[in-house]
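Okay, everyone, let me put this one up on the screen. I'll talk through the sheet, then the helices, then how far to trust it.

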Amino acid sequence: MSATDRVVNRLSRMQISHGACVESECSEREELAEDLLAPEAEALEGVALSVYAVAHEDPADPVSPVRLARALIGSDAVTIVPRHALRTTWAMLVRIGDRAHIVVRRDVPEGELGHTIAHELAHWVLRREGMRDSEEACDYLAAALVAPTSAFRRALALLGPKLAKLAKA
């Protein structure tokens, strides 16, 4: 599933104000990630807001996951490497000395890059918070960092419930 598909999947199931949902998917809120429970999803939404707060950014105006990673981890938080350096994965969170680094393959497709970096940042954040950093939780948090609820609601008000338009916003 592509990063855009993951964001679209998350957005298509999000509840919006007054109980209305995009394309009649209200009942599926708890199924955003196959193994993710609703209370955990709610907690992850809160973690996403905390990440934006610590980074001194406004979730209503989303920023690049690289910018978030640099604000939280440090200016050299993201390192781009040649394909041969990471043969089996697009990216990886690694520790070099006492610092964490998000290492990303140079050939990650542009449409995947933001979610890929946000996913690795999610591993770092959840571990620091003492929370479970399962792949499902990291995918959910990555989507919440790329498309925070407040930004989604603003885009929905401006663009309407067309998922293709919302995913590009």
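So, β2 and strand β3 (residues 99–105) pair in the antiparallel sense, over six bridges. Pairing here needs at least two DSSP bridges between two strands, and strands (E, at least two residues) and helices (H or I, at least four) are DSSP runs numbered from the N terminus. One bridge to look at: M92 has V103 in β3 as its partner.

Zooming out, the sheet is open, with three strands in the order β1-β3-β2 and mixed pairing. β1 (78–81) and β2 (91–96) are at the edges with a single partner strand each, so one side of each has no neighbour in the sheet. From one strand to the next, the twist averages 35°. Helix α4 (residues 110–128) packs on the sheet and touches β1, β2 and β3, its direction making about 40° with that of β2. Contact is heavy atoms within 4.5 Å; axes are lines fitted to C-alpha atoms, for helices over the stretch in contact, with angles from 0 to 180 degrees between N-to-C directions.

Now, how much to trust? This is a predicted model, where local features need pLDDT of at least 70, side-chain atom pairs count only at 80 or more, and totals for chains, interfaces and linings use all residues. Numbering runs from 1 along each chain as its sequence is written, and side-chain values use heavy atoms, leaving out hydrogens and water. The protein averages a pLDDT (the predictor's per-residue confidence, 0 to 100) of 79, and 77% of the residues score at least 70. Confidence is lowest in helix α1 (residues 3–13), mean 39, and highest in helix α3 (residues 65–72), at 97.
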